[in-house]
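Hi everyone, thanks for coming. Let me put the structure up on the screen, and then we'll walk through a few parts of it together.

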Amino acid sequence: MADASYPDELLYHAEHDWVRLDGDTATFGITWFAQDALGEVVFFDPPEVGSTVTKDDSYAEVESVKAVSDVIAPLSGEIVEVNTALGDKPEAINEDPYGDGWMVKVKLSDPGEKDALLDAKAYEASLS
Amino acid sequence: MADDVAVKAPAAAGMQSPLQRERARTIFEKGEPGRRAFTCPELDVPEVDASQLLAPEFRRSAPARLPEVSEPELVRHYVRLSKRNFDLDSGFYPLGSCTMKHNPRLHERVAALPGHARLHPRQHPARAQGALELMWRLERALGEVAGLPHVSLQPSAGSHGELAGVLLSRAYHEDRGDHGRTKVLTPDTAHGTNPATVTMAGLEVVKVASNADGGVDIEDLKAKADDTVACLMLTNPNTLGIFDPHIEQITEIVRDAGATAYYDGANLNAIMGITRPGDMGFDIVHFNLHKSFTQPHGGGGPGSGPIAVSERMEPYLMVPRIVRGEASFDLSFDHPKSIGRLRGFQGNYGCFVRAYAYICSLGAEGLRDASEVAVLNANYLIARLRELGVAEHLPLAFGEVCMHEFVLSGAPMKRELKVRTLDLAKRLLDHGIHPPTVYFPLIVDEALLIEPTETETRETLDGFAEALAEILREAAEDPEIARNAPYTTPVRRLDEAGAAKRPVIRQALDAGDETNA
Amino acid sequence: MSRYTSVTPEDLRAMLAAIGVESLEELFERQVPAGVRLGRALDLPAGLPEQDVYAHLRDLAARNVSAEDEITFLGAGMYDHYVPAVVDMLMERSEYLTPYTPYQPEVSQGGLQVMFEYQTAISELTALPVSNASVYEGPSAVAAAAYLAKIANGKGRVVVSRGVHPHSRETLRTTAAGYGVEVVEVGLRDGVTDGDAWADAIDQDTGSVIFQNPNYLGAVEDAAALAGAAKDSPAVVIGAYDPIPLGILKPPGECGVDVAVGEGQPLGNRLDFGGPSFGFFAATEAYLRRMPGRIAGETRDVDGRRGFVLTLQTREQHIRREKATSNICTAQALNALGGVVYLAWLGREGLVELAELLLQRTHYAREALTALDGVEALHTRPVVREFAVRLDVGGRDSVSAVIERCAAEGVAAGVPLGGDYPEFEDGLLVAITERRSRADIDRLAEVLGAAVAAERPTAAGVA
C-alpha cells in the first residue's frame, strides 16, 4: 500500500497495531506505519490457536529482510483464528495491512480494555 | 558455453561485462560422471571383504553426490569464481568496526611452515615447545597492550571472547556467593553480538542510554548499576568512533556496584600504545586478531578472539593454560575454579602465528604508530569530506574529531536529494570502492560508519572523498542513477526478500528439487 | 621495525593542516583523558625487518615435531590427511583470503557462491536438507546444537554419550552452565554407547540427546538405534560426525538424526596445532529458522541473473540481537572454502575410495598391533579410521613412557586415553590416514612392540 492510511472504523494501539471490533471478538493486525518501517515482510511467525494474548504484550513476530519486530496485542483474549495465508504470502501485510494482512482473531476477555485505545485521528497525530 | 543473460535494464542491454554475462553455475553443475582430480593411493594391505569390516546396515546406500571434475576444471571454476569478489588486496574497504587493514604476506609464509602448519594439537608438549613458546609470548604481548596480566588465547572469534567474558563474570560472582547478579549493561550503541552473547550466557540485557555527545549517559548508568548487575560491556572508542571522556568514572561506578567491566576490543586499533583498557579500569578485554592484528578476514573467518583479564578474574579463566617452567613450556589443566573450555584444543593457532609475526614486525613503536596513523587517516578523511562539501548532505553524526572511525548521517541526503545511504553504497561499488558499514550503529539515522585504517595512503583517502562528492553531485541532478546502482558489478541489486521468503540454500540435484532458477 | 603505513613527513604536514591541528598528539589530547594515557612505550621488543621475523618464526617452527618430522598416528578429532596443492593455492588467493563477510552481495558473489556450494556439499554428505555456511569447529558446534535445542523446546536436560569427544562434552558443560541446562552423561559398553543406559536416561524433560559417530574410540555407533530411543521424547537428536567416514557410513539424515555437526578439519584443512578449521552444522527442514551462523541463499538480481545473498539474517546477532540463535559474527568462511574444494577434488568416487582405503588399512593396523605381546584391542567394534588398544604396562604413566620410547624412534604412536577416560587408563588411540602406508604401519608395530616389551618388566608387581 503506497500511501499512509488509517481507516476510521478501526481502533489503534500506540505500538502500531489496529483492532477491528465485532461484538466480543476482535481482529488484530499492524498499521501502515509499522509495515512501512519494516520494509517487505518475509516471514510471519504466528501464535497457536487457543493460546492467550495479553494487552501490551508481544504475541507474534514479523520479519523483514533486515529487521524483526514484536507484534503487540492491543487487547487481551484467546486466539480463535490465525491468518494462515500469511505463510505463503507474508507480503499481504505490506500490500493490504487492514484487509488480507490481518493476523489473528481473538475472543476478548475484557472488552472494556478498548477504552484505552486510540481512534484513527489520535493515532495518526501520535505519529508526527 | 555460458548462457547469456537477457538484460532487462535499458541502456545496459548488450553492454554487459563478461562477468555479468556469465551465468552463475555451481561446481555441482559442472563435470561429468567419471571425471576426477584425486588419485587414491594404492591398497597396499591384504584386502579383506569390506562388508565384514563394516556391515551393510551401517553403510550408505549411495555415495554423496559430490561433483566429478578434473583438476583443470576445478581450478578454472574456483579461480573464475574468485573474480566475482571484491577484496582488500584489490581496493579500499573502509568498513567501520571491521578494521580492514592490509594483511602482510609474510604471515602466510610463516604460517605455512610445516613446523607450525603440520603440528598435531595432541602432540606431546615436550615436542611442541616452539608452539607453546609462541603462544606464551603472544599472551604476554597482548597482556601488555591491554594492560591486564592474564590471557587466554582460546576463543575462536570476538563474540566467542565475549561469551567467555560474561561466563567469567558469572563465575566470579557465584564464587563469592553472590547469586543475584542477573543483568548485563550494554550501551544502546553496542554491536549486535553483545546482547546475543548475554542471552547465551543466561543473563538479561539492560540498555544504558547514550548522551548527546554519543558517550554513556552517566546518570542513566548510575541509576542502573546496582547489585543485580553482573557486568558492563562497553566498546571504547565506541561504535561512533568516540572515546568516552568519562571512561574512568564509568568503570568506577561499575566496580563500586560490585560488577565487572568488560571491554569489547573491536576498536582496539585506535588505542594501541596510547591507552590501555586495564588502565581504564576494565576487568576483561577481548581482542579480535582478525581486526587489529591482521589475521585475514577470509570472507567471513577464521578469526580469533583472545581475552586478557585482571587478577580477580584469573581463577576462572579457561583451560588449558600455557605455563612457563624453568626450562620449558607446558599446558596446564589443574585450575579447579576454571569455567572449563569453550572449544577444542588450544584455539586458532594459525591465527596466533600471524598475529605474533605482526607484533614481532612492528614492535612497541610500530603498534603505536599503527594506531596513531589510524586516527590520523580517519580525521584527515573527515577534513577532506568537509573541504569537498560532502558534509552538507552527509554530516558527521557526533563531535568534530574522531578516533579511528566516524559516523556520517545520510538523513539530510535522503531528505534533500532523495537518495538513501543504501543507494550511495551501491553507487560506490561502481567506483570500485567497497562501501563503509551502513545502517549501523542503530542510533544514527541512515548511518555510514567509516574506518579507513592506517594502511591506506593519502591518495586513496582523497579518491574516496572525491567519489562521495561525485555521487552526491550526480544525485542532485538525477537521483535515479544511484537508486538503480550498481551497474558494473557481476550482479546488480539482488532480491533479498525473495531469498528470505522462499529460501533455497543448496543446489538442487534432482528434477523435483525446489529451486529459484 | 617493519611498517605497513605510508605517511611521510610531507604527508603528515599536509594532513595535519587539513585537519586543522598542530600535531598528531593534539588529536589524542583532545579525546583521551590524561588520566588514562599510557605515557610510556609498550614494554615489547622493538620491531624487526621481515627477514628477521621470518628467521624467528622458522626457529620456533623448528622446535616443534610436526607430521613432517615423524610418522604420526595421532588423531582424536584432527587428522593428518593430505591437503592437495589446489586447496592451498585457492585459499591464498587475494579474492578469497582478504575480503570481509559478504554484506554487499553484488561484489561478493565469489564468496557467497562458495558458501552455497559448501552448504550443498555438507547437505549431501549428511543427507540433511539444511546446512549453514560453517561454525567455528567441532566441539563448539556440539554446544551450539544443544543451544538450538534449548531455544526450540526449552527443556532442561541434555543426554550425552561418553563416546562424544571430551572437548565437546567439556565445551557443552561450560556453555550449558550459562543458559541453564543439566548435562547427563551415559557411559560406554564394549566400546559403544550403552544402549540400555541411554534409553533409561531419556525422559520428557530431555531437550537433546548427543552421540558421536564414529565415537571417540573410533567405534561405529548404531545411530539409528540411538536416535530411535529418543522418538517418544521431546529431544532433538544430535549426531557429531567425522566427515571422512561419512563417505561410506550411513548418513545422519537416514538415521533419524535431527541435527548433524562435526569437525571439518579432515576436509582440506591443516592441523595447525588445533585451529583454525571449521565446524559443519546441518539439520532437518524444521530447524531452518533456528540454525546458527551464516546461510547463503539463491536469488535473482534486477536483470534476472542468478545470484546469492546471505539470507535468513534475522536469526543472527546483528539483527535479532538478544534473541539471536547464536552470537556468531565471524565464522570460518576461508576454511569452509578449503572444505568444499577438497570434497570437489576427491569427487563422488574419490571420497568413497578414500574411506574404503582407510577401512582396510585401519583393520590391518588393528590386527598388527593387537598381535603384539601386551597389546590388546580395547574394543572390537567396527572401525573406519581410528581404533583403541590397551597396553598392558601398568597404567597412565607407563603408557606415557611407551609413547616416549616410540617418539624417540620417530613415531607418534597415538593419543593416550587415560587423561580423559579414567576407565581406560591403559588406553591408546591410534589413527590412520591415507598418508600412513603399510610400511608406516609395520614400523609402528615394530616400534610399539619394542616399547611395550621394554615397559612391561617395570610393570611387574604393580597390580
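Before we start, one definition: two strands count as paired if DSSP finds at least two bridges between them. Please also keep in mind that this is a predicted model.

Let's use that definition on strand β9 of chain A, residues 104-108. Five bridges join β9(A) to strand β8 of chain A, residues 77-82, and the two run antiparallel. Strand β3 of chain A, residues 25-30, also pairs with β9(A) in the antiparallel sense, over four bridges. Now look for V106(A): this residue is the bridge partner of I79(A), and V106(A) is the bridge partner of A26(A) too.

Which side chains of β9(A) are buried, and which are not? They alternate along the strand. V104(A), V106(A) and L108(A) point to one face and are buried, while K105(A) and K107(A) point to the other face and are not buried.

Staying in chain A, there is an open sheet of three strands in the order β4-β6-β7, with antiparallel pairing. Its edge strands are β4(A), residues 41-45, and β7(A), residues 68-72, each pairing on one side only. Neighbouring strands here are turned by 25 degrees against each other on average, ignoring direction. β4(A) pairs with β6(A), residues 58-64, over four bridges, and within β6(A) the partner of F43(A) is E63(A).

Now to helices. Two packed helices are described by the angle between their axes and the distance between the axes. Helix α12 of chain B, residues 349-387, packs against helix α3 of chain C, residues 50-62, at about 140 degrees, with the axes 10 Å apart. Angles over 145 degrees would count as roughly antiparallel, so α12(B) and α3(C) are oblique to each other. Their crossing is right-handed. Residues making the contact include Y356(B) and C360(B) from α12(B), and H56(C) and L60(C) from α3(C).

Last stop: helix α8 of chain C, residues 166-179. How far apart should the ends of its 14 residues be? At 1.5 Å a residue, the helix should span 20 Å, and its end C-alpha atoms are 20 Å apart, which agrees. α8(C) is mostly covered, with 11 of its 14 residues buried; among them are H167(C), R169(C), L172(C) and Y179(C). Just after the helix comes G180(C), with a positive phi near 80 degrees.

That's my tour, thank you for listening!

Technical notes
Residues are numbered from 1 along each chain as its sequence is written. Chains are lettered from A and ligands numbered from 1 in the order in which they are written. This is a predicted model: local features need pLDDT of at least 70, side-chain atom pairs count only at pLDDT 80 or more; totals for chains, interfaces and linings use all residues. Side-chain values use heavy atoms; hydrogens and water are left out. The expected span of a helix is 1.5 Å times one less than its number of residues. Buried means under 20% relative accessible area, exposed over 50%, partly exposed in between (1.4 Å probe, protein chains only). Axes are lines fitted to C-alpha atoms, for helices over the stretch in contact, and angles run from 0 to 180 degrees between N-to-C directions. Angles under 35 degrees count as roughly parallel, over 145 as roughly antiparallel, 65 to 115 as roughly perpendicular and the rest as oblique. A crossing is left-handed if the near helix is turned anticlockwise from the far one by less than a right angle, and right-handed if clockwise. Contact means heavy atoms within 4.5 Å.
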